[in-house]
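Hi everyone, thanks for making time. I'd like to walk you through one model today, so please have the viewer open and follow along.

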Amino acid sequence: MTVLTEAEEISDIAFGYMGSKALFAGLHFGIFTKLDEGPASVDEIAPRLGLPRERCRTLLTALTALGLTETREGIYANSPAAERFLVKGAKYDFGDYLRLQVGQQMYPLMDQIEPALAGELPEEATASYADWFSDAEEARLYSESQHAGSLGPARGLAKRVDLSNAKTLLDVGGGTGAFAITLCKAFPQLAATVVEFPNVADLGEAFVARAGLSDRIGYLKGNALEADWPRQQDAILMSYLLSGVPDHAHEALFARAFAHLAPGGVLMIHDFVVDADRSGPKNTALWQLQHTAFTPEARSIADDWLEKRLVAAGFADVGVEVLIPGMTKLATGRRP
């Protein structure tokens with residue numbers, strides 16, 4: 001590898017923030033959704049976006065350099081990936097998750113990553129999710145965008161875990177119910193209880209109602225770490241929960257899950273989990289770092305640590321596998 005190549009690799013890392021902002025700007029102005037209507041020149045699309053011509057060209061040039069749009073003889077179109085994931089209303093659309101939660105809520109927190117790592121942040125700068133979600137608007141912004149981002153992983157989970165014999169599911173910290181809704185649709189005999197903060201639960205009940213599942217999915221409103229969970233559950237799910245709470249809460253969560261499962265019941269943990277040798281995946285490691293800016297005591301979870309702790313908690317048939325390639329993993333274990 002030449003010195004020039006090495007410098008280019010470091011530059012790519014350093015300029016990653018700029019690329020993210022280009023993506024967020026494209027989503028903000030609806031470029032991908034507009035291009036879904038048909039390829040267009042700068043002169044054609046700029047007025048439709050409400051952007052001055054040259055500023056529109058600058059943004060489209062950046063998006064094309066990133067591979068999010070394509071151009072031929074001055075005509076711009078979406079890349080296949082943008083068409084699939086960034087067009088409003090597309091089957092796999094998670095643009096709102098990127099634009100709202102990542103762009104508006106998470107990215108500003110990255111400015112405090114250095115003092116968070118050094119333990120120098122004032123207490124109010126690292127409020128818990130309970131404090132954050134006590135604000136109805138913050139809860140709405142986070143939860144509605146998270147719902148869009150969770151539907152894809154939920155479909156993947158439904159294909160990986162056989163819940164055809166399960167009648168009850170406890171979704172701990174289940175947000176607006178994306179996983180519960182998807183699993184109940186996949187397994188018609190299943191009924192779910194979602195434990196979530198009140199402001200988020202209110203939003204979730206509306207999503208559940210729109211899915212026509214209010215008779216099978218109910219909410220237990222409260223802090224997932226403190227609420228009185230129902231017992232004898234056939235399945236318990238924790239998606240993105242471990243990465244959002246302090247590391248010292250993890251083993252207690254495993255013990256509670258074991259105690260509240262029926263014999264033969266399955267625990268499912270879906271989260272940002274790095275490889276045992278801690279060489280990656282890159283995006284997983286970066287998400288773990290991002291969580292530190294908000295929850296300094298968050299753990300960098302590795303798959304070997306997770307597997308060992310579940311075995312120590314009494315679970316059998318423990319396994320960890322990739323769910324979202326390059327991003328998340330799914331750990332499962334059964335109560336004997």
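I'll start with the whole chain, then go through two helix pairs, a few loops and one strand neighbourhood.

First, the ground rules. This is a predicted model, so local features need pLDDT of at least 70 and side-chain atom pairs count only at pLDDT 80 or more, while totals for chains, interfaces and linings use all residues. Residues are numbered from 1 along each chain as its sequence is written, and side-chain values use heavy atoms, with hydrogens and water left out.

Now the overview. The chain has 15 helices and nine strands; helices (H or I, at least four residues) and strands (E, at least two) are DSSP runs, numbered from the N terminus. Of the 336 residues in the chain, 47% are buried. For that word, buried means under 20% relative accessible area, exposed means over 50%, and partly exposed is in between, with a 1.4 Å probe and protein chains only. The exposed area of the chain comes to about 16100 Å², and carbon and sulfur atoms supply 54% of it. Those areas come from the Shrake-Rupley method with a 1.4 Å probe, and for residues only the protein chains shown count as cover.

How are the contacts spread along the sequence? Taking contacts between residues at least 6 apart in sequence, 69% join residues at least 24 apart. A contact here means heavy atoms within 4.5 Å.

Let's turn to the cysteines. How many disulfides does the structure hold? Zero, where a disulfide is a pair of cysteine sulfur atoms within 2.5 Å. Cys-56 is buried, at a relative accessible area of 0%, and Cys-184 is buried too, at 1%.

On to helix packing. Please find helix H2, residues 16-28, and helix H5, which spans 53-65. H2 and H5 pack at an angle of about 120°, with their axes 10 Å apart. The axes are lines fitted to C-alpha atoms, for helices over the stretch in contact, and angles run from 0 to 180 degrees between N-to-C directions. So this pair is oblique; the scheme is under 35 degrees for roughly parallel, over 145 for roughly antiparallel, 65 to 115 for roughly perpendicular, and oblique for the rest. The H2 and H5 crossing is left-handed, which applies if the near helix is turned anticlockwise from the far one by less than a right angle, with right-handed for clockwise. At the interface, Ala-22, Leu-23, Ala-25 and Gly-26 of H2 meet Leu-59, Ala-62 and Leu-63 of H5.

Just past H5 you'll see Gly-67, in the loop that leads to strand S1 (69-72). Gly-67 is partly exposed, with a relative accessible area of 40%. Its C-alpha is 8.8 Å from that of Ala-81, 14 residues apart along the chain.

The second pair is helix H13 (residues 250-260) with helix H15 (residues 303-312), packed at about 45° with axes 10 Å apart. H13 and H15 are oblique to each other as well, but their crossing is right-handed. Here His-250, Glu-251 and Phe-254 from H13 meet Trp-305, Leu-306, Arg-309 and Leu-310 from H15.

Now some backbone details you may want to click on. Gln-232 is not a glycine, yet has a positive phi of about 55°. Gln-232 sits in the loop between strand S5 (217-221) and strand S6 (233-239) and is exposed, at 52% relative accessible area. Tyr-240, also not a glycine, has a positive phi of about 60°. Tyr-240 lies in the loop between S6 and H13, and is buried at 19%. Then there is a cis peptide bond from Gly-280 to Pro-281, with omega near 0°; Pro-281 belongs to the loop between S7 and helix H14 (282-294).

Last stop: His-270, in strand S7 (residues 261-271). Is His-270 buried or exposed? Buried, with a relative accessible area of 0%. Leaving aside residues up to four places away in sequence, His-270 touches several partners, among them Pro-153, Phe-179, Tyr-240 and Leu-330. Glu-321, in strand S8 (residues 316-324), is partly exposed at 36%. With the same neighbours left out, Glu-321 touches Arg-160, Lys-329 and Leu-330. The C-alpha atoms of Glu-321 and His-270 are 9.8 Å apart, with their positions 51 residues apart along the chain.

That's the tour, and I'm happy to take questions.
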